[in-house]
Structures are given as structure tokens and as C-alpha cells.
Amino acid sequence: MEAQATHQDILSENLRALHRFHRDLYEHAVQNWNQRWPGLSPAFARTGAFTLKKVFPDGREVFLHSSGDPVREARSFVHGKFGSGSDAMILGFGLGYHVREALQRLPSGASITVTILNPDAFWYAMEWIPITDLLSDPRLEYVWGSDAQILEKVFQHPVFLNDPDRIFFHKPSLSFAGDD
């Protein structure tokens with residue numbers, strides 16, 4: 001019987017993949033993303049899948065992905081978006097569920113650029129979810145940094161310049177992007 005992976009095992013595997021395929025993001029993550037943002041806490045959906053909960057100053061609680069079934073929610077997010085056309089951009093990595101679903105529907109030869117809007121959510125994904133497939137897939141490009149750096153990269157990106165209809169907003173990731 002195979003033992004279930006621990007958080008440390010998952011994080012170690014993900015860090016190895018990140019280091020191998022995205023060394024600059026790895027260095028940034030290790031140097032800057034190991035402190036938890038206030039208001040974020042681990043949670044589990046009814047299916048047992050990992051998600052995050054954010055408690056806002058007014059007491060409102062919001063889940064980054066469905067508290068019921070994050071995978072089904074991800075399938076709904078990508079439905080009809082990635083089966084045709086060319087390269088695309090997703091604003092918001094979240095925990096990666098919708099990114100994985102988008103890759104499964106991506107046409108041959110196309111790629112996806114994904115913005116990491118909340119580094120802490122990305123670190124939680126690194127720690128709790130095996131995402132080595134997302135970190136090693138050559139069809140994925142990651143954009144991160146300060147808000148200004150991300151906007152600059154998005155506005156200069158060929159998808160934005162040539163086909164802005166291929167930019168998809170992961171709204172929950174946007175709600176988790178700031179401190180408010």
C-alpha cells in the first residue's frame with residue numbers, strides 16, 4: 001500500500017519542478033512567498049479537494065475555488081473557451097484547477113500565459129496540490145511580480161495586442177489578489 005504524500009512531499013516535488021522549468025519564478029517564490037497573508041486559510045471542499053478561504057475585514061468569507069467541487073467549477077470556467085483559437089491568457093492562477101482544465105482543451109500548438117495575482121495562493125498550491133504537470137508543461141508561461149509589473153507584461157503580451165478576446169479572467173483569483 002502506497003503512503004499518502006505529505007505537504008512537505010508535495011511542496012518538495014513542486015519546488016523541484018519549479019526550479020527546473022521556471023528558475024526565475026522559483027527564486028522569487030523562495031525569497032518572497034513564504035509568509036502568509038492575513039485572512040487566508042486552508043479549507044477543503046466537500047469532495048476533499050483543497051481550496052482557500054479568505055475572510056475580509058467586514059467578516060465576509062469567500063472561497064478561492066468551489067467549497068463543493070473545485071474540479072467541476074474549473075470545467076465550467078473553461079467550457080467553450082479553449083477548444084478553438086490560438087494562444088490565450090488567464091488572469092489568475094488561483095490553485096491551478098482551471099489552468100489544468102484549460103490545458104486539456106487547448107488546441108495543438110497553442111499556449112497559455114497565466115498571471116499569478118496572489119503569490120500566497122500560489123504558495124498554498126505548491127504546498128497542498130501536486131502541480132508538477134502545470135509547472136513542467138511547455139505550453140504554460142507564468143507572469144508574476146508587482147501589480148505594475150504584471151500589468152506591463154499583460155499589456156505588452158501578443159495575446160493582449162492581437163486577440164484580447166482570448167484573455168479570460170478567473171474572477172475568484174481577482175478577488176484574492178489584494179489585501180482588502
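In this predicted model, Met89 stands opposite Ile167 in strand 7. The contact belongs to the pairing of strand 4, residues 88–91, with strand 7; these two strands run parallel and are joined by three bridges.

**The four-stranded sheet**

Strands 4 and 7 are part of an open sheet of four strands, in which the order is 6-5-4-7 and the pairing is parallel. The edges are taken by strand 6 (140–143) and strand 7 (167–169); each has a single partner strand, so one side of each has no neighbour in the sheet. On average, and with direction ignored, neighbouring strands of this four-stranded sheet are turned by 20° against each other.

**The three-stranded sheet**

The model also holds an open sheet of three strands, with the order 1-2-3 and antiparallel pairing. Here strand 1 (40–44) and strand 3 (61–63) stand at the edges, and because each has a single partner strand, one side of each is left without a neighbour in the sheet. The average turn between neighbouring strands of the three-stranded sheet, direction ignored, is 35°.

Strand 2 covers residues 50–55 and pairs with strand 1 in the antiparallel sense over five bridges. Along this pairing, Leu40 stands opposite Lys54 in strand 2, and Pro42 has Leu52 of strand 2 as its bridge partner. Strand 2 also pairs with strand 3, again in the antiparallel sense, over three bridges. In that pairing Lys53 stands opposite Phe63 in strand 3.

**The two hairpins**

Strand 1 and strand 2 form a hairpin with five residues between them. In its turn, Gly48 has a positive phi of about 95°. Strand 2 and strand 3 form a hairpin as well, with five residues between the strands. There Gly59 takes a positive phi, near 90°.

**Pairings in brief**

The table lists strand pairs with their direction and bridges.

| Strand pair | Direction | Bridges |
|---|---|---|
| Strand 1 and strand 2 | antiparallel | five bridges |
| Strand 2 and strand 3 | antiparallel | three bridges |
| Strand 4 and strand 7 | parallel | three bridges |

To sum up, the open sheet of three strands has antiparallel pairing, whereas the open sheet of four strands has parallel pairing.

Methods. Residues numbered from 1 in each chain as written. Predicted model: local features only at pLDDT ≥ 70, side-chain atom pairs only at ≥ 80, totals over all residues. Heavy atoms only, no water. Pairing = 2+ DSSP bridges. Axes fitted to C-alpha atoms, helices over the stretch in contact; angles between N-to-C directions.
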